[in-house]
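I opened my notebook beside the viewer today and kept a short record of what I looked up. Here are the entries, in the order I made them.

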Amino acid sequence: MTRSEVFAVAQMGPVNLADTREQVVARLIDMMRDAHSRGATWITYPELALTTFFPRYIYDTPEEYDAFFEEGLPSPAMVPLFDLARELGVGFYLGYAEKVHQDGRTRRFNTSVLVGPNGDLLGKYRKIHLPGTKEPIGDLEFEHLEKRYFEVGDMGFPTFKTPSGRFGMCICNDRRWPETFRVMALQGAEVFMLGYNTPTRNIHHHEPAYLREFHHRLSLESAAYQNAAWVMAAGKGGSEDGFAMIGGSMIVAPTGEVVARAASEDDEVITHRCDLDMGAYIRRSVFDFARHRRIEHYGLITEQTGIKVPE
Ligand code: ING
């Protein structure tokens, strides 16, 4: 008897500065109901799902940008979603901007939460790979200031025991770094859930827009295959106040094959009945980590951050 369940990925269309939390949560609720009507027991939402992608803007004080952050878990805005999850029996991944009083000070993270189908809080993850800059580059149509508004995550890459198996979470830029998924796969993660907000344009150097989607898909297909796990990737697409974001939400099988993908840049639920045992043969053969990995040769990966060319 294989373990198969219907997973949903909820791509969101734009969230504009003028959109209220209540308006956004109503959209998330509609998509959870849609997913449930299609038999889904899990749904993955995007990164920073409750607000626009505000790190594109320059703010100087917390008074200016704290309006984008949630306090408490569930925060007041999240409560209807937690309630519906419990009512429908649908677990979810939700990305949001987290403000917390921790270690005697106020701290802010780009965070995702995992909630089980019974509405129980299973765990949190705080984004580790923060792209862009802390200081504005200037002279740009938009910035990428995640290093300005968020601290680097302090939870590592944990995995979570769920009624369906062991899940891992990451967020957006994390998907471009293979270390992210390997650390979670070494803990036995069978499903990776991630949200992303990816601009169609690269502010750092000219890059054709089609490459954004290609690199996005390449990262997910590689992660799935090289770690024999399912990947649920939910994007926030379309034009947010004129700033275009890629859609391309997708579900990728442990074979690396895309089995479902969004066809729009709007709110769109995609689903797939996932055989959670599909990765087992891969973990017993080509990626049998215990049999094939040679960690005595991998030292540089954790000993060195940047490139050092030997003399
Ligand atoms: N967004 C983008 C991402 O990693 C980015 C930033 C795009 C970095 C393309 C490098 C290249 O998809 C977030 N939020 O990380």
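**Entry 1: the cysteines.** I began with Cys172, which has a relative accessible area of 5% and is therefore buried, since the cut-off is under 20%. This is a predicted model, so I am reading computed values throughout. Next I checked Cys170, and its relative accessibility of 0% makes that residue buried as well. Are there any partners, I wondered, and how many disulfides does the structure hold? The count is zero. Cys170 is in no disulfide, and the nearest cysteine sulfur, which belongs to Cys172, lies 9.1 Å away. A disulfide needs its two sulfur atoms within 2.5 Å, so the pair does not qualify.

**Entry 2: the sheet.** I then traced the strands. Six of them make an open sheet with mixed pairing, and I noted the order as β5-β4-β3-β2-β1-β14. Which strands stand at the edges? They are β5 (121-126) and β14 (268-275); each has a single partner strand, so one side of each has no neighbour in the sheet. From one strand to the next, I find an average twist of 35°.

**Entry 3: β1 and β2, with a helix.** Strand β1 (residues 4-11) runs parallel to β2 (residues 40-44), and four bridges join the two. I picked out one pair to look at: Val9 has Thr44 in β2 as its bridge partner. Helix α1 (residues 21-37) packs on the sheet, and I see it touching β1, β2, β3 (91-102) and β14. The direction of α1 makes about 145° with that of β2.

**Entry 4: β3 and its neighbours.** How many of the 12 residues of β3 are buried? I get 11, so this strand is largely enclosed by the rest of the structure. On one pairing, β2 and β3 run parallel and are joined by three bridges. There I found Trp42 opposite Gly91 of β3. The pairing of β3 with β4 (residues 105-115) is antiparallel and spans 11 bridges. Lys99 sits opposite Arg108 of β4.

**Entry 5: the turn.** My last stop was the link between β3 and β4. These strands form a hairpin with two residues between them. In that turn I noted Asp103, which has a positive phi of about 55°.

Notes:
Residues are numbered from 1 along each chain as its sequence is written. This is a predicted model: local features need pLDDT of at least 70, side-chain atom pairs count only at pLDDT 80 or more; totals for chains, interfaces and linings use all residues. Side-chain values use heavy atoms; hydrogens and water are left out. Two strands pair if DSSP finds at least two bridges between them. Axes are lines fitted to C-alpha atoms, for helices over the stretch in contact, and angles run from 0 to 180 degrees between N-to-C directions. Contact means heavy atoms within 4.5 Å. Buried means under 20% relative accessible area, exposed over 50%, partly exposed in between (1.4 Å probe, protein chains only).
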